[in-house]
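Grab a pencil and work through these exercises with the model open beside you. Each task comes with a step-by-step solution.

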Amino acid sequence: MSDQTEWRDLQVALRTASDIAFDQEIPSGDQAEVLVDALRRAQSAAVALAAGPGATGCRVHPHGAVDPLYGDKEDPLPPGWGKCLLCNDRRRRAATNRRGAATSRRGLR
């Protein structure tokens, strides 16, 4: 997620936790569970903000794995591909599926 999304998630979670925590009555049952969930979401968003942008530079998987072929001069990635192994793997599978579909269509003729 982007920093802006994490920031928004942090604000929403803290508002929810604050509304429950500063209510006139002590939270119990379902409200206590909602409070715990809101605090966990706030912590998760704060940790993500503190970690900063990930090594991949990917907006979807900022803390994902870096593709080992990134920067490889002997076996370079196709133009436009980034560092994110998860996104590159998805691209590889999509390209394989397209080639497989084209081959099977030619065999049906």
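**Exercise 1.** Which exposed residues does the face of α1 turned away from its buried side carry?

*Solution.* Start with the ground rules. This is a predicted model, where local features need pLDDT of at least 70, side-chain atom pairs count only at pLDDT 80 or more, and totals for chains, interfaces and linings use all residues. Residues are numbered from 1 along each chain as its sequence is written, and side-chain values use heavy atoms, leaving out hydrogens and water.

Next, the terms: buried means under 20% relative accessible area, exposed means over 50%, and partly exposed is in between (1.4 Å probe, protein chains only). Helices (H or I, at least four residues) and strands (E, at least two) are DSSP runs, numbered from the N terminus.

Now list the buried residues of α1: Glu 6, Leu 10, Ala 13, Ala 17 and Ile 20. They sit on the same side of α1 because they cover an arc of only 100 degrees around the axis, taking the arc from the directions from the helix axis to the C-beta atoms. Flip to the face turned away from that buried side, and you find the exposed Gln 4, Arg 15 and Asp 19.

**Exercise 2.** Work out what span helix α1 should have, and check it against the model.

*Solution.* Helix α1 covers residues 3–21, which is 19 residues. The expected span is 1.5 Å times one less than the number of residues, so α1 should span 27 Å. The end C-alpha atoms of α1 are 26 Å apart, which agrees.

**Exercise 3.** How many disulfides does the structure hold?

*Solution.* A disulfide is a pair of cysteine sulfur atoms within 2.5 Å. Take Cys 84: its closest cysteine sulfur, in Cys 87, is 3.8 Å away, so that's too far for a bond. Then take Cys 87: it is in no disulfide, and its nearest cysteine sulfur, that of Cys 58, is 3.7 Å away. The total for the structure is zero. While you're there, note that Cys 84 is buried at 4% relative accessible area, and Cys 87 is buried too, at 7%.

**Exercise 4.** Where is Arg 40 placed, and is it buried or exposed?

*Solution.* First find helix α2 (residues 30–51), which holds Arg 40. Then look at its relative accessible area: 59%, so Arg 40 is exposed. Last, pick out Leu 10, which is 30 residues from Arg 40 in sequence and 9.9 Å from it in space, C-alpha to C-alpha.
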